[in-house]
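Here is a short walk through one protein chain. Take the sequence and the model side by side, and follow the residues as they come up.

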Amino acid sequence: MTVPEDPAAPDRADRADRPPGRLRGRQRSAALIGVLTLLLGFAIAVQVHANSSGDALAALREDDLIGILDNQNARADRLRQQIAALQQSLRQLQDSGDKAAAARRQALEQARALGILLGTLPAVGPGVIVTVTDPDAKLTGEDLFDVVEELRGAGAEAIQFGPVRVSTSTSFEGNGGVAVVDGTEVPSPYRITAIGDPKTLDTALNIPGGVAATARAAGGELTVQELPQVRIAVTRTLPPPKYAQPSR
């Protein structure tokens, strides 16, 4: 009597031959990338909905509404690109014959990206140079922080405010024509360099009722120079962790 061959037997045997640690690592990587992909997709929906509603839009002109829509579409495109990159990384981890090498390459790429975002590495790329004047010394640290936040929201990957490299922990204080950025005094006029898509950054800064309008209301001006390449050479040193240490 012939016993029918179990079609799933080779697959079970293949899984049995794989080292448990490598299998678990692959599953964790796939799960992490899957979660990030879902979060980015959710962020697209929330961002578009949040910025496309509100009574304030009813009072804007057609040209202003088109500008806001273009800016939101650009943000959605950037999020879709991030989703595609995460999906590509997942495919590489799944399909690569040398999964350890693929994981190392991805870890190095992530380390470089984090170094730029945290300000520990210099950066170069297309971007803008923003100049904010404050002749009446009315702009506050919060107003200037809003400029940085608008650049971040528009996809800026690296930002330098005066002589200070901006990171996720950068603080803004002061008024009277002098900003205090991470403890460093920066006098007006303020010069901000940002790396990202120049047109998108310019559009975000000049949204009706945004940071450019705030500067004008204070008696100053915000101007944007789009450039094919800007360089941010200033870096910052991260403090050593006080409590955390690597685990094995």
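Start with one side chain in this predicted model. The side chain of Q160 reaches the backbone oxygen of G162, at a distance of 2.9 Å. Q160 lies in strand 2. Is Q160 buried or exposed? Its relative accessible area is 14%. The cut-off for buried is under 20%, so Q160 counts as buried.

Now look at what surrounds Q160. Set aside the neighbours within four places in sequence. Q160 then contacts R165 and V166. It also contacts R191, I192 and T193. I232, A233 and V234 complete the list of its contacts.

Step back to the whole chain. The protein chain has 248 residues, and 31% of them count as buried. Its secondary structure comes to 7 helices and 8 strands. The accessible surface is about 15400 Å². Carbon and sulfur atoms account for 55% of that surface. Contacts often span long stretches of sequence: among those between residues at least 6 apart, 74% join residues at least 24 apart.

Next, go to the nonpolar interior. The largest nonpolar core holds 29 residues. Which of them touch the most other members? They are V132, L151, F161, I192 and L222. Several elements give two or more residues to this core. Among the strands, these are strand 1 (123–133), strand 2 (158–161), strand 5 and strand 7 (190–195). Among the helices, they are helix 5 (141–153), helix 6 (198–205) and helix 7 (211–217). The largest share comes from helix 5, with 4 residues.

L151 shows how such a core residue is surrounded. Leave out residues up to four places away in sequence. L151 then touches V128, A156, I159, I192, A194, L201 and L205. I192 appears here again; it is also one of the contacts of Q160. A second core is separate from this one. It has 6 residues, including A123, I129, A158 and I232.

Now turn to a sheet. Three strands form an open sheet in the order 4-5-6, with antiparallel pairing. Strand 4 (172–173) and strand 6 (184–187) stand at the edges. Each has a single partner strand, so one side of each is left without a neighbour in the sheet. In general, strands of a sheet pair through backbone hydrogen bonds, either parallel or antiparallel.

Follow the pairing across this sheet. Strand 4 is joined to strand 5 (residues 178–181) by 2 bridges. Here F172 has V181 of strand 5 as its bridge partner. Strand 5 is joined to strand 6 by 4 bridges. There V181 pairs with T184 of strand 6. Strands 5 and 6 also form a hairpin, with 2 residues between them. In its turn, D182 has a positive phi of about 50°.

Finish in strand 5, with V178. How does V178 count in terms of exposure? Its relative accessibility is 29%, so V178 counts as partly exposed. Leaving out residues up to four places away in sequence, V178 touches E173, E185, V186, P187 and Y190. T140 lies 38 residues from V178 along the chain. Their C-alpha atoms are separated by 8.6 Å.

Definitions and conventions:
Residues numbered from 1 in each chain as written. Predicted model: local features only at pLDDT ≥ 70, side-chain atom pairs only at ≥ 80, totals over all residues. Heavy atoms only, no water. Buried < 20%, exposed > 50% of the residue type's maximum accessible area, 1.4 Å probe, protein only. Contact = heavy atoms within 4.5 Å. Areas by Shrake-Rupley, 256 points an atom, 1.4 Å probe, with all protein chains shown as cover. Pairing = 2+ DSSP bridges. Core = buried A, V, L, I, M, F, W, Y, C linked by side-chain atoms within 4.5 Å. Polar contact = N/O pair within 3.5 Å; in protein donor to acceptor, adjacent residues only side chain to side chain.
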